[in-house]
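Subject: Structure handover

Hello,

I am passing on the structure we discussed, with my notes on it. Please look it over before reading on.

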Amino acid sequence: MTTPTDRNRLGEEESAYLRAHADNPVNWQPWDETAIETAREQDAPIFLSVGYSACHWCHVMAEESFEDEDIAALLNEHFVPIKVDREERPDLDRIYQTICQRVSGRGGWPLSVWLTPEGEPFQVGTYLPPEPKRGMPGFGDILSGIADAWDDPEERPNIEERAAEWTEAVTGELQEVPTQRGEVGESVLTDAAKAAVRGADWEEGGWGDGPKFPHAGRVHLLFRAHERAGRRLYREVAGEALDAMADGGMYDHVGGGFHRYATDRDWTVPHFEKMLYDQAELAGAYLAGYQITGEERYARVVEETLGFVERELTHDDGGFFSTLDAQSAAESGEREEGAFYVWTPAEVREAVAGVDEAADGEAPDTDSGGDGPPDTATLVCDRFGVTEAGNFEGATVLTVERSIADLAEAHEMDEALVRERLDDALAALREAREERERPPRDEKVLAGWNGLMISAFARNGLALDEDWTDPAADAMAFVREHLWDGDRLSRRYADGVVKIDGYLADYAFLARGALDLFGATGNVDHLVFALDLAAVIESEFWDESEGTLYFTAEGGESLIARPQELTDQSTPSSVGVAVEVLDALDHFRDDDTLATIAERVVETHASRVAADPLQHSSLTLAADTVTHGALELVLVAEGLPAEWREEFATHYLDPCLLAWRPPDEERLAAWVETLGLEETPPIWADRDQKNDEPTVYACRSRTCSPPRNDLGRGLGWADRML
């Protein structure tokens, strides 16, 4: 008698990661009731492998083990092998990643977990070589050992006891809430900023010794604390982190956008995958850097990053794709990490030759030791450290090694000319790079990640270039058409197929995106959608008895734990983002339920935030917002005057609620009716235009400025109220 687990079922899935394993000899199953029920019926342990399409070591383990016939035979005979895309199922990943970190002290992908048929973990690991190597046990040996122990009447009780203990531990860590509730102290923001300063790498920038990860939340903590307290040190530490990332190899100097992380302390060699959420969060961090410092280079990073997303990660109909892989084909024909991005001096010379030919009659000196100006290739190699030896497997990851001013002085050139030649050279490098085989793209559209990116485009559309609001609006329209059924949100769209109930992250991130898009455009439809999403957060994710927000919806799939997402991981804490957006949206409700939820969640987790504010960056920011309040700007206008946009570009307004209001009462009444309110909410009431011109009302700490036609004067009043 055949069963569904007698064949590999991943060819029926839409996930690029799962489909990449559809031809493995392993009889992979998706995580579904069919696979789980088969494990129960056969009394077989589950082998769970969690990864994602751009994961380098996932590819390695697949090639070494999952394509091996002998290992496949072991898996097929003794286990129900299940493959999960962690980007589609972050709930499963969070649960089993937590136990891996708890047991082994580390986590990562591929995540390898052995479960009872009830889903309880009893063995965990990450990447495992097929044979013992460098102190790591061999995957084949582990499979044989577990299979023998599972069938051994003396060993099986030990496995089941360990599974019960681990399940209890992970349930306690992820699901339970503190018994003591309290208030977040007034100093929570400065406590977090001081912790960020203490943990900073003063020599290389950022945090940690390597690998170095982007920490956009910490940058915002420092900038908000700087604005609040005026301590220059906070601004300097945040700026050093931004400079290190923008100068190093984590930033794609040719095509814009950021790789996942740097593998070393000095930010030279990245892990080359590009994730949508990193582009979103870092675009926001660099916009903040520009608003605070006025450094044009930060604005340039933002523009190039958004340009990369619009060019390379955008669906024809508007949604944003998830990932570009780290690997692509090299000249050898083999897939290699970073092959698309690295350069040799010869490749640079060939790519930029046309720049010199187009120069204004200058005869460049191909020998940098000569008397004339150097050729463009020499400038590029000097600027970005391209050498024959390279810094990555015989080639060079571009990093900023010399400043424009230094190059100009060294070669006796005008700085503007150096910059012009380099800009032309980078365009030529980008054109030449397009001839290479591109990294594979994971084209699933995830609701939450799109919400993060919509926020980034909307905020930059408000402050830098109005045109950036168009990609945000297009993506929002795509998500609403394909992932929102009018009542509930689905997480994933791929190849026309919608799947997976939305998680708290999807609702919270998308609600914030919709609210930011309302702030950037004044289109009330975005505000209505944000409120619709908030209503589902209230009904499906809020647990009043526990005073917390859970990651999965009430009544969703029953797993061994119902997790909360309190700390920042690759993406911000969904609880933190939800708290801030609920607190903001409460202004547009005729009750105080949303604000009450926000306050209760902060009270519930106050002890966790106080104990480690840096690990809870987004929740710390949310707690600070709930405690101190946000700046409220009511914009009574039909559109944004050009001079107002300039003010938004030069003011860091975090936290800030932008509440557009129609100038005429008839349209205001229509908005109120659209929101389903019985009367005009206080944030809009009695706030008419002054002198029949665009008018701003600035409010902070329940105190409001007089109506101003000059946004700068309104913001100046707000600054004095800090």
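Below are notes on two sheets, a hairpin, a helix pair, a helix and a single residue. Please keep in mind that this is a predicted model.

The four-stranded sheet

This sheet is open, with strand order β18-β17-β19-β20 and mixed pairing. At its edges are β18 (656-661) and β20 (703-704), each of which pairs on one side only.

Taking the pairs in that order, strand β17 (residues 631-636) runs parallel to β18, and six bridges link them. One position to check by eye is L631, whose bridge partner in β18 is C656. On to the next pair: β17 and β19 are antiparallel and are joined by five bridges. Here V636 is found opposite T695 in β19. The last pair, β19 and β20, is again described as antiparallel, with two bridges. In that pair C699 is placed opposite C704 of β20. The connection from β19 to β20 is a hairpin with two residues between the strands, and S701 in the turn has a positive phi of about 55 degrees.

Strand β19 (residues 695-700) is mostly covered, as six of its six residues are buried. In a regular strand, side chains alternate between the two faces of the sheet. In β19, T695, Y697 and C699 point one way, V696, A698 and R700 point the other way, and all of them are buried. R700 is thus worth a look on screen: this arginine is among the buried residues of the strand.

The three-stranded sheet

The second sheet is also open and has the order β12-β13-β14, with antiparallel pairing. Its edges are β12 (445-446) and β14 (497-501); each has a single partner strand, so one side of each is left without a neighbour in the sheet. Between β12 and strand β13 (residues 490-494) there are two bridges, and the two strands run antiparallel. V445 faces Y493 of β13 across that pairing.

The β3-β4 hairpin

Strand β3 (residues 111-115) and β4 run antiparallel and are joined by four bridges. W114 has Q123 of β4 opposite it. Five residues lie between the two strands of this hairpin, and G119 adopts a positive phi near 85 degrees. As for burial, four of the five residues of strand β4 (residues 121-125) are buried, so β4 is largely enclosed by the rest of the structure.

Helices α8 and α10

Two packed helices are described by the angle between their axes and the distance between the axes. For helix α8 (residues 188-198) and helix α10 (residues 232-247), the angle is about 50 degrees and the axes are 10 Å apart. That makes α8 oblique to α10. The crossing of the two helices is left-handed. On the α8 side the contact is made by T190, A193, K194, A196 and V197, and on the α10 side by L233, Y234 and V237. By type, the residues of this contact are six nonpolar, one polar and one charged.

Helix α14

How many of the nine residues of helix α14 (residues 376-384) are buried? Eight are, so α14 is largely enclosed by the rest of the structure. The buried residues are T376, A377, T378, L379, V380, C381, R383 and F384. The cover over them includes α13 (345-357), α15 (404-411) and α16 (415-433). Just after α14 comes G385, which has a positive phi of about 70 degrees.

Residue A584

A584 belongs to helix α21 (residues 574-585). Is this residue buried or exposed? With a relative accessible area of 15%, A584 is buried, because the cut-off for buried is under 20%. Leaving aside residues up to four places away in sequence, A584 touches L515 and L657. L657 falls within β18 (656-661), an edge strand of the four-stranded sheet. A584 and A659 are 75 residues apart along the chain, and their C-alpha atoms are separated by 9.9 Å.

Regards

Terms used. Residues numbered from 1 in each chain as written. Predicted model: local features only at pLDDT ≥ 70, side-chain atom pairs only at ≥ 80, totals over all residues. Heavy atoms only, no water. Axes fitted to C-alpha atoms, helices over the stretch in contact; angles between N-to-C directions. Parallel < 35°, antiparallel > 145°, perpendicular 65-115°, else oblique. Left-handed = near helix turned anticlockwise from the far one by under 90°. Contact = heavy atoms within 4.5 Å. Nonpolar A, V, L, I, M, F, W, Y, C, P; charged D, E, K, R; others polar. Buried < 20%, exposed > 50% of the residue type's maximum accessible area, 1.4 Å probe, protein only. Pairing = 2+ DSSP bridges.
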